[in-house]
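Work through the exercises below with the sequence and the structure open. Each task is followed by a solution in steps.

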Amino acid sequence: MTMLTMTYLALDSRDDLPRVTYSTALDIYVLMCFFFVFATIVQFAAVHHYTKYGTAEPAEQPFGMDDD
């Protein structure tokens, strides 16, 4: 949802400005905001993965499957 909001803001901000062929400061700012939001989502996913699967106890073996 956050990425959709950033996309909407990027596209909506260009409608009110005159069309130019070069990048403006607003384009660079919106692109950097888009990048930071994306990086935050990737970081959240990585932290969630490693805290959920990286530190868990080893799975118990089914009954009767001992290594003895």
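**Exercise 1.** In this predicted model, find which residues Phe 34 is in contact with, leaving aside its neighbours within four places in sequence.

Solution. Step one: search for heavy atoms within 4.5 Å, the cut-off for a contact. Step two: with the sequence neighbours set aside, Phe 34 touches Met 3, Met 6 and Thr 7. Step three: take one of these partners, Thr 7, which is 27 residues away from Phe 34 along the chain; the two C-alpha atoms are 7.9 Å apart. Step four: place Phe 34 in the fold; this residue is found in helix α2.

**Exercise 2.** Decide whether Phe 34 is buried, partly exposed or exposed, and do likewise for Phe 35.

Solution. Step one: recall the limits, under 20% relative accessible area for buried and over 50% for exposed, with partly exposed in between. Step two: Phe 34 has a relative accessible area of 30%, so Phe 34 is partly exposed. Step three: Phe 35 has 46% relative accessibility and therefore also counts as partly exposed. Step four: for the whole chain of 68 residues, 7% count as buried.

**Exercise 3.** Classify the aromatic pair in the structure.

Solution. Step one: the structure holds one such pair. Step two: the pair is made by Phe 35 and Phe 36, with ring centres 5.6 Å apart and planes at 65 degrees, so it is edge-to-face. Step three: Phe 36 lies in helix α2, which covers residues 25-53. Step four: Phe 35 and Phe 36 also join Ile 28 and Met 32 in a nonpolar surface patch with about 420 Å² of accessible area together.

**Exercise 4.** Describe the span that UniProt annotates as "transmembrane region".

Solution. Step one: the unreviewed UniProt entry places this feature at residues 20-42. Step two: the span is 78% helix and 0% strand, and its end C-alpha atoms lie 33 Å apart. Step three: the chain as a whole has two helices and zero strands.

Key. Residues numbered from 1 in each chain as written. Predicted model: local features only at pLDDT ≥ 70, side-chain atom pairs only at ≥ 80, totals over all residues. Heavy atoms only, no water. Patch = residues over 30% accessible without salt bridge, like charges linked within 9 Å, V, L, I, M, F, W, Y side chains within 5 Å. Areas by Shrake-Rupley, 256 points an atom, 1.4 Å probe, with all protein chains shown as cover. Salt bridge = Lys/Arg side-chain N within 4 Å of Asp/Glu carboxyl O. Helix = DSSP H or I, 4+ residues; strand = E, 2+ residues; numbered from the N terminus. UniProt positions renumbered as here; feature names shortened; annotations may be inferred. Phe/Tyr/Trp six-rings, centres within 6.5 Å; stacked < 30°, edge-to-face > 60°. Buried < 20%, exposed > 50% of the residue type's maximum accessible area, 1.4 Å probe, protein only.
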